[in-house]
Amino acid sequence: MVGAAYAAPLPLMPLPRVVTVSAGALPIDSTFRVTSSGYTDFRLDAAIKRFSARVAQQTGIPLVTSGVKRATLLVECRERGNDYPALGEDESYQLDVAATGARLQAQTVTGVLRGLATFAQLIGPGPEGFEVPSIHIEDRPRFPWRGLMLDVSRHWMPIAVVERNLDAMAAVKLNVFHWHLSDDQGFRVESKRYPKLQQSGSNGNFYTQAEVRQVIAYARERSIRVIPEFDMPGHTTSWFVGYPELASAPGPYAIERKWGIFEPVMDPTREETYAFLDGLIGEMAALFPDPYFHIGGDEVEETQWKQSPSIQAFAREHNLSDNQDLQAYFTRRVEKLVKKHGKIMIGWDEVLAARPGSDTVIQSWRGQASLADAVAKGYRSVLSYGYYLDHLDPARVPYANDPMDGGKLTSEQTGRVLGGEACLWSEYVSPETVDSRIWPRLAAIAERFWSAHDVTDVDSMYTRMEAVSHSLEWTGLQHRSNYALMLDRLAGGRSSRPLRVLADASEALGIAGRRDARQYSSLVPLNRFVDAVRPESELVRKLERDVANLASDASVAELRATFTEWAEAEAGVKVLADAPLPNGRGSVTNGDSVLSRDREGAVVFVAELLPLAHDLAMVGNIGLRALDYIERREPAPAGWLAEQNQELDRLEQPVAEVRLAGVRPVRLLLARANLQSLAKSSVRCGNEPICNSRRTVRNWTLTAPRPNITLE
Ligand code: ACM
């Protein structure tokens, strides 16, 4: 018998290639032991230690890993493989679990790590205690390049943030950490050769070289490659604070605090620029062991080039007809330096214009078409378009975006699609909120990169993603815990319950929804309601399922209870907004001149939610009325339905940079009420006149012409 806990889809993400579940389960109790045979190294030993610690933490069972005679989980690694994870290495594994024991086989240490991640996801409560179902798994990734890009420039991310995200990446089998280390807002690595880069360009927020080595070692233990990006020739203001001579116009320059595309760009015409880059790339190439080196190349503003007589003269002399040609010249020069220092260049898709060497990897961010273009021209490519986490799209959106779906590719071209990378640009992300902007959605994207092309069932994805979201939190992420913490802070020590009700029904807007709404800069704390609110509401998804399942009394009861809470939360939010906090609590103290008075303090932050709380109350009341009609089997008046739908359109408009996701289940409910009204007048249930059971709402059939209604 498969335990009751496994009636739902197995909490596996990414879904393995072959899964066969059979009767029985392996108990995970105090006799559980892991040991390895075959090849072993420090990575494998460390992985088994981490795995055992995690199992102990999850189950509460103290586990012993040393001096083991008989193992419950036997790990067999066949060969040494690479010490440093390599693009295209064998990551396959096979896992067999029976009631009497488990066996994990892999060719390489990396394969073992991927298999241990799967085993860890399978541990769950069964009827008699923790267990893993009897199972046979054969697994390997679809793409060799499965990454996360993290921008640590616009908002600084300390080492602890990076390391806990590396742990989570390993848990969902991602294998590339792309570290966006420099941008207009900060140069984040210590350069010993050019120390003014970090001294003048980072406000003291940079990684020492020892810390960089620490992160690389941490990632390597998890079989994750680390690829540094030094974005150039644009997005380089922070470099020019210490080295203004690199720029195309005289300084002085200051660290940029806002976002966008700025005028300062490197001077591509001076030999001194390339001498500097030779030194820097050489230093960084020695620091980062990965063979790939990212030079950025995106969004180059042309004003400085256009306005410089000497640059224009250089362009004429070298037959560079426009600024794209100038950038291409720059890219080719930098490519030579990257090669000179033993690395392979990777760049954003703008670098394609330079027609660099054929080993260059193109990272497509501007569309699937740019990936198709790159592979057609013979370049290997990684897709990032559609995986911008900072847009805060619901998980189903990037999940539906496949690196192979960009157009008709020949088999030779598809072979050049290396995979994909999710990107988190950090304009509206702080160390406190970063996890919730990455997770759990990145787990769904990891599945897109690892699992088969036809693994696309969205309901299954959400069920498994929610399960994995919880286990990721146990392993160190803070995407769930910081939600409560931030709402508590807004409540200033009082009960945050009303804010929680509001937040559970809301979804934060992504970068496009925030860009111009406030005078944001990297100095403005990201501690408002919108920063606490999740990109996607788990509660709302649950309520949508309840609406689809109205035949169940439990679903109706849950909807009614939730709508009632929504209707009542407004009063609680009012209390929080009206009562002043103790002196200074929550006020912004950095004295930045961009802040206006009305932004100061948590009281204001709660007061801005009053219209939202009012709207949520209205949504709740509409939901309750709709439920009344449905439960009483009373036709809702057509005029009322039309009016409420219109009202919902208004209530769905963003307020305080969040959207009331709670509108969605209520809209579905109105559609149900409408169907019921139509059913009363012209619809039959089967061949019977309309039946008086609650099931009629679900099992209606039309005998009249089908009305034009879509149930999403
Ligand atoms: C980019 O988003 N500018 C790569």
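The exercises below, each with a worked solution, concern a predicted model.

**Exercise 1.** Determine which strands pair with strand S5, and in which sense each of them runs.

*Solution.* Begin with strand S3, residues 73–77, which pairs with S5 in the parallel sense over five bridges. Within this pairing, Glu76 stands opposite Gln105 of S5. Turn next to strand S4, residues 93–98, which runs antiparallel to S5 and is joined to it by six bridges. Here Gln94 is the residue that stands opposite Gln105 in S5. Finally, follow the chain from S4 to S5, where a hairpin of two residues makes the connection.

**Exercise 2.** Establish whether strand S5 is largely enclosed or open.

*Solution.* Take the six residues of S5, numbered 101–106, and apply the cut-off for burial, which is under 20% relative accessible area. Five of the six meet it, and S5 is therefore largely enclosed by the rest of the structure.

**Exercise 3.** Compare the span of helix H7 with its expected value, and then work out how many of its residues are buried.

*Solution.* Helix H7 covers residues 271–287, a run of 17 residues, and from first C-alpha to last it reaches 25 Å, which is close to the 24 Å expected at 1.5 Å a residue. Of these 17 residues, 13 are buried, which leaves H7 mostly covered.

**Exercise 4.** Classify Cys77 and Cys423 as buried or exposed, and find how many disulfides the structure holds.

*Solution.* Cys77 has 3% relative accessibility and therefore counts as buried. Cys423, at 0% relative accessibility, likewise counts as buried. For the last step, a search of the whole structure returns zero disulfides.

Methods:
Residues are numbered from 1 along each chain as its sequence is written. This is a predicted model: local features need pLDDT of at least 70, side-chain atom pairs count only at pLDDT 80 or more; totals for chains, interfaces and linings use all residues. Side-chain values use heavy atoms; hydrogens and water are left out. A disulfide is a pair of cysteine sulfur atoms within 2.5 Å. Buried means under 20% relative accessible area, exposed over 50%, partly exposed in between (1.4 Å probe, protein chains only). Helices (H or I, at least four residues) and strands (E, at least two) are DSSP runs, numbered from the N terminus. The expected span of a helix is 1.5 Å times one less than its number of residues. Two strands pair if DSSP finds at least two bridges between them.
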